[in-house]
Amino acid sequence: MIASVRGTLLELVDGAVVVEAGGLGYLVQVSTHTLASLPPVGQEVTLRTRHIVREDAQLLFGFADAQELRLFDLLIGVSGVGPKLALAALSCSGSASSGSSRAVARAGFDVRSPTDATVELQATCQGCQGTPTFRWTTAIAPEPSSASRR
């Protein structure tokens with residue numbers, strides 16, 4: 001398990017960074033929040049990481065602070081939310097928490113799953129101290145009836 005990476009920030013690529021540490025270049029997927037907090041290329045950077053091992057890939061996700069990492073861990077604990085989707089949700093969490101259905105859709109959730117995720121995260125967070133709040137609210141319009149389509 002890779003808990004953190006400290007080294008030189010070599011490059012910024014789409015949704016990720018390359019950090020050279022100990023002669024190795026680590027490709028680390030990051031949220032827009034983390035990306036915005038990084039120093040310029042060529043400077044030293046430290047990222048908290050979550051190493052996800054799958055049958056077909058080993059993925060490294062990086063976070064600027066412990067709170068974002070904790071929230072990522074909570075999100076991937078929700079049924080149907082994988083690490084890439086959780087990272088996308090973190091990237092749009094500012095706009096998603098304001099009630100924008102489009103922001104939630106950009107994160108890859110269908111219209112109903114943000115509500116399900118809210119319920120599961122609230123249940124997980126009860127009694128936790130220092131756990132960040134992450135809540136989606138969506139205005140779900142009812143399906144038009146067949147009579148109103150005519």
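**Exercise 1. Get a feel for the overall fold.**

Task: Work out how contacts, secondary structure and surface are laid out in this predicted model.

Solution.
- Step 1, contacts. Take the contacts in the protein chain with a separation of 6 or more: residues 24 or more positions apart account for 50% of them.
- Step 2, elements. Count up the secondary structure and you get 7 helices and 5 strands. Walking along the sequence, the pattern reads β-β-β-α-β-β-α-α-α-α-α-α.
- Step 3, burial and surface. The protein chain has 150 residues, and 36% of them count as buried. Its accessible surface comes to about 9,000 Å², with 50% of that belonging to carbon and sulfur atoms.

**Exercise 2. Decide where to trust the model.**

Task: Find which element has the lowest mean pLDDT and which the highest, then look at the stretches where pLDDT is under 50.

Solution.
- Step 1, the average. Across the protein chain the mean pLDDT is 76, and 61% of the residues score at least 70.
- Step 2, the extremes. Helix α4 (residues 93-96) sits at the bottom with a mean of 46, while strand β2 (residues 16-21) tops the elements at 98. Around that helix, residues 94-101 have pLDDT below 50, and the model gives this stretch 16 contacts beyond near neighbours in sequence.
- Step 3, another weak spot. Residues 136-143 also stay under 50, with 22 contacts beyond four places in sequence.

**Exercise 3. Track down the salt bridges.**

Task: How many salt bridges does a search of the whole structure find, and what do they link?

Solution.
- Step 1, the count. The search turns up 2 salt bridges.
- Step 2, R6 and E44. Their side chains meet at 3.9 Å, N to O. R6 belongs to strand β1 (residues 4-13) and E44 to strand β4, so this pair ties together parts that are 38 residues apart in sequence. Both R6 and E44 are exposed.
- Step 3, R50 and D73. Here the side chains meet at 2.6 Å, N to O. This pair also links distant parts of the chain, with R50 in strand β4 and D73 in helix α2, 23 residues apart. D73 counts as partly exposed because its relative accessibility is 27%.

**Exercise 4. Read helix α2 and the loop before it.**

Task: Which residues of helix α2 are buried, which residue caps its N-terminal end, and what does A64 touch?

Solution.
- Step 1, the buried side. Helix α2 covers residues 66-76, and its buried residues include E68, L69, L71, F72, L74 and L75.
- Step 2, the cap. D65 does the job at the N-terminal end: one of its side-chain oxygens lies 3.3 Å from the backbone nitrogen of Q67.
- Step 3, A64. Go back along the sequence to A64, in the loop between β5 (58-63) and α2. A64 has 27% relative accessibility, so it counts as partly exposed. Beyond four places in sequence, A64 is in contact with T34, S37, L47 and R48. The C-alpha atoms of A64 and V45 are separated by 9.2 Å, though the two residues are 19 apart along the chain.

**Exercise 5. Sort two residues: buried or exposed?**

Task: Place S31 and G7 in the fold, then say whether each is buried or exposed.

Solution.
- Step 1, S31. You'll find S31 in the loop between β3 (24-30) and α1 (32-37). Its relative accessibility is 0%, so S31 counts as buried. Setting aside residues up to four places away in sequence, S31 touches E68, L87, L90 and S91. E68 is among the buried residues of helix α2.
- Step 2, G7. This glycine sits in strand β1. With a relative accessible area of 9%, G7 is buried because that falls under the 20% cut-off. Leaving out residues up to four places away, G7 touches V19, E20, A21, Q43, E44 and V45. From G7 to G22 the C-alpha distance is 7.7 Å, with their positions 15 residues apart in sequence.

**Exercise 6. Spot a nonpolar patch.**

Task: Which residues form a nonpolar patch with L12 on the surface, and where is V41?

Solution.
- Step 1, the members. L35 and V41 join L12 in the patch, and together the three have about 250 Å² of accessible area.
- Step 2, V41. This residue lies in the loop between α1 and β4 (44-53). At 48% relative accessibility, V41 counts as partly exposed.

Notes. Residues numbered from 1 in each chain as written. Predicted model: local features only at pLDDT ≥ 70, side-chain atom pairs only at ≥ 80, totals over all residues. Heavy atoms only, no water. Buried < 20%, exposed > 50% of the residue type's maximum accessible area, 1.4 Å probe, protein only. Helix = DSSP H or I, 4+ residues; strand = E, 2+ residues; numbered from the N terminus. Polar contact = N/O pair within 3.5 Å; in protein donor to acceptor, adjacent residues only side chain to side chain. pLDDT = per-residue confidence, 0-100. Contact = heavy atoms within 4.5 Å. Patch = residues over 30% accessible without salt bridge, like charges linked within 9 Å, V, L, I, M, F, W, Y side chains within 5 Å. Areas by Shrake-Rupley, 256 points an atom, 1.4 Å probe, with all protein chains shown as cover. Salt bridge = Lys/Arg side-chain N within 4 Å of Asp/Glu carboxyl O.
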